[in-house]
Amino acid sequence: MSSSPTGISIHQSDRALKRLKVRKAKEARFRMCGIGAVVAAVTMLGWLLVSIVGTGYTAFYQHYLTIDVELTESVIDPTGARDPDELRKANFRKIIQEAIYDRFPTVTERREKSELFKIVSASGATNQARQMVYNDPTLVGKTLTITVPTSDDVDQLLKGYIDRDAPENRRKISNKQIVWVDALTETGEIKSKFNTTFFTATDSRDPELAGIAGAVVGSLMALFVAFAVSVPVGVGAAVYLEEFAPQNRFTDFVEININNLAAVPSIVFGLLGLAVFLNFFGMPRSAPLVGGLVLALMTLPTIIIATRSALRAVSPSIVDGALSLGASHTQAVFHHKVPLAAPGILTGSIIGIAQALGETAPLLMIGMVAFVTEIPSGLTEPASALPVQIFLWSDSAERAWAERTSAAIIVLLSVLICMNALAIFLRSRLERRW
Amino acid sequence: MTLISAALLAAVIMAAFIFGRGLAFSRGGAFSASGVSGRAHSLPAYHGYFAAWAVGVATILAAFIGWMLRDTIGFEVVAILVIVTAGAGFVVCHQLINPDFRARNFVETFVKMALFLCSGVAVLTTFGIVLSLVFESLRFFEQVPLLDFLTGLQWSPQTALREDQAGQSGAFGAVPIFTGTFMIMGVAMFVAAPIGLLIAVYLSEYASKCTRALVKPIIEILAGVPTVVYGFFALLTVGPAIRGFAESFGFSVPTQSAIAAGSVMGVMIIPFISSLSDDVINAVPQTLRDGSYALGATRSETMTKVIFPAALPGIIGALLLAISRAIGETMIVVMAAGRAANLTGNPFEAVTTVTVQIVSLLTGDQEFDSAKTLAAFALGLVLFVITLALNVVALLIVRKYRERYE
């Protein structure tokens, strides 16, 4: 070791120590950058979740008004025939109006009355009364107590999203309406309850009546088709490529193809679906069948790649053992290798299907953006899907819609988390290592 | 109707399986209870599978041909045809199945053929994409010259729908769309590339095993969030936040802007870049690190002067893949970037992208022959070609790089 004239090692000279300090500071800065990047990413995730959950959790409860409705025979059924079809067409709107006007007898002016009526969800209340009378015509002439959703503006007011102190013309709800709503809340006639509508209803023009049931059923159908098509085909293709494919140009071509398909933007799959399934084969627009097929083609590469790595992870000695006992190659693969790779295949399939569940763009291309107010009853019926429903609702500027969009996102994310957790659980439980 | 025929078909195939297997048992004679025989070539189940396959294929073929000809020959004839074919299948099996019949070889060949067809689906999908895009694009370029499309500065496809304006077929100059796409991609990469790379560096070189096990899955969650959720986040939270931030400095920024959509898209591709570069950094041999540490370099010096240059090709590959992902991303930009085709270099304005235009051209009412609808396929073709090229180049770089150290 060389020494400077003073007897101190050059590594301990002032200049060297200064240099070392600079280098160590640089090192610390670099490390902080890394930590900063991680924190930034985690913060973004946190911000996303907080903003969505914070906007959306209030959609899981809703305010309902309980009101006595007198089913006046002269209005609903002037002929007295109790014909269900005639009852269906009756003027229930008027019945509901009368019921509310009766609750506030002091309100007499026409304009005030119409403001008063706006407290309840008009179509929600009329539909509910109509359905009850249709189911049981003997109710006509009696007084019925129904619980109906309040209008979305009242709901937002009671959830505290409408500023009561704002000038009257700058909020969606008038001073008089606030007084009435407060009176009804005080007497307990307006109560906040768990929002079952959101889970049982389909899309609607009124936010207080809109629900995700139709979209969820549409998504389930599309996923069912996607699963039924992509898992057998994907596993088959993977087994072929991994076990039976000869080493030739065609096999290489197929492999390159699969890798490239995995990177094709999802919207291009939508264009494929539009051009081939809809225009060439003439399948119905907006149908879960077509949506499922497009999603199946999209998930195919994911499943093939996952299955191949699961097959590769099975110890070759298993196959050798089977072959040495006289099994044919096919038998060794199907009786031993594939069953042992099944947990990996299953995990890959679940992850692939979870991706497909969140996919929106290809479904837009094949027309699954229609306004569908019925729960789809078959694979070829027009349907929506959960992510598409989110997209459609996100277009509306009103706060009640933002709330419901976020709630639908919460549902979607919960399902995705469950699916991925299931995949992780299965992998850790079932996977064997050799 | 479809359900009933499918159930009938399944029943026939099941029956054929039981028939074939039973026949093998009764004719094999020497089959023991476990099905093992000293004499027969194949296990009874293979005879069953063979019968199921033979009858099934014959019946499906007959039903398909009958369905095509149903108008000329009538439903009754079709039904009779199918029943006769199925019966014939049973008769053939009855003739063929005996202990010497090599049922297993037939079944295994069939299984291999079926697996081959499965892998063919992937090829068919690619062909389907290429053919449908090229075919529709050619029809579009019959109406709008290719050069006008690629170099035109004006994009206003909506006018094409107005029938009364004969001769005026809208403007299909895609340059504003391309610039918008690249601007948003640029913003996204500006956010994602540094953060993603630093995360990869931190996780692979600095983090303890425990931190890594905790942080990596959290980052991966970002990749699992559906893009429609990011789009809503950009629209509901990030867009207004950026607008509010800019307003506090006296600028006016629309809620839908390139910067809002781009930065949220950047967050989406962070895990993409971080996990790919993580792999690449981990693939650099440990000997390089050890050599550098032995010479007294700090971790950051090792990282920037040794590992980073060694991993650079792989990292470039990862960035290219991320760019291709950003260009093809749809929902975030549809919801947060705006629809008007602005030719601008300012990221605080609303711009539009290729994917946004495809969506807005194809949702809603469409006539399939109008230039407006076909333009979506031309844009789709451009998108497909660009992403494909990026992927091929990226994979080539990554592969070449991997070979260097193996």
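**Close-ups of a predicted two-chain model**

**View 1. A pocket lined by residues of chain B.** The second largest pocket holds about 940 Å³ of space. Altogether 21 residues line this pocket, and the ones closest to its centre are B:Ser5, B:Ala6, B:Ala63, B:Val78 and B:Val82. Keep in mind as you look around that this is a predicted model.

**View 2. Who builds the wall of that pocket?** Which helices of chain B each supply at least two residues of the lining? They are α1 (2–28), α2 (44–68) and α4 (75–96). Now sort the lining of the second largest pocket by class: you'll count 17 nonpolar residues and four polar ones, with no charged residues. Try finding B:Val78 and B:Val82 again, since both are among the residues closest to the pocket centre.

**View 3. Strand β1 of chain A and its partner β2.** Here β1, residues 61–70 of chain A, lines up with β2, residues 143–149 of chain A. The two strands pair in the antiparallel sense, with seven bridges between them. Want a spot to zoom in on? Pick A:Ile67, whose bridge partner in β2(A) is A:Ile146.

**View 4. Strand β1 of chain A again, this time with β3.** β1(A) also pairs with β3, which covers residues 190–194 of chain A. This pairing is antiparallel too, and runs over five bridges. Which residue of β3(A) stands opposite A:His63? That's A:Ser192.

**View 5. The domains of chain A.** Chain A comes in three pieces: domain 1 (10–57), domain 2 (61–201) and domain 3 (213–430). How far apart are the C-alpha centres of domain 1 and domain 2 of chain A? The distance is 57 Å. The strands from the two views before this one, β1 (61–70) and β3 (190–194), as well as β2 (143–149), have residue numbers that fall in the range of domain 2 (61–201).

**View 6. Chain B, end to end.** Chain B has 15 helices and two strands. Its C-alpha atoms fill a box of roughly 90 × 80 × 35 Å along the principal axes. For a compact globule of 406 residues you'd expect a radius of gyration near 22 Å, yet chain B has 31 Å. As for burial, 48% of the 406 residues of chain B count as buried.

**View 7. The two domains of chain B.** Domain 1 of chain B takes in residues 2–121, and domain 2 takes in residues 171–405. Their C-alpha centres lie 52 Å apart.

Key
Residues are numbered from 1 along each chain as its sequence is written. Chains are lettered from A and ligands numbered from 1 in the order in which they are written. This is a predicted model: local features need pLDDT of at least 70, side-chain atom pairs count only at pLDDT 80 or more; totals for chains, interfaces and linings use all residues. Side-chain values use heavy atoms; hydrogens and water are left out. Domain bounds come from an automatic or database domain assignment. On a 1 Å grid over the protein atoms alone, a cavity is a set of points where a 1.4 Å probe fits but cannot get out, and a pocket is an open set with protein on both sides within 12 Å along at least five of seven lines; lining residues have an atom within 4 Å of a point. Grid points are joined across faces, edges and corners, and a volume is the space filled by probe spheres set on the points. Helices (H or I, at least four residues) and strands (E, at least two) are DSSP runs, numbered from the N terminus. Ala, Val, Leu, Ile, Met, Phe, Trp, Tyr, Cys and Pro count as nonpolar, Asp, Glu, Lys and Arg as charged, and the others, Gly among them, as polar. Two strands pair if DSSP finds at least two bridges between them. The radius of gyration is taken over C-alpha atoms; the globule rule is 2.2 Å times the number of residues to the power 0.38. Buried means under 20% relative accessible area, exposed over 50%, partly exposed in between (1.4 Å probe, protein chains only).
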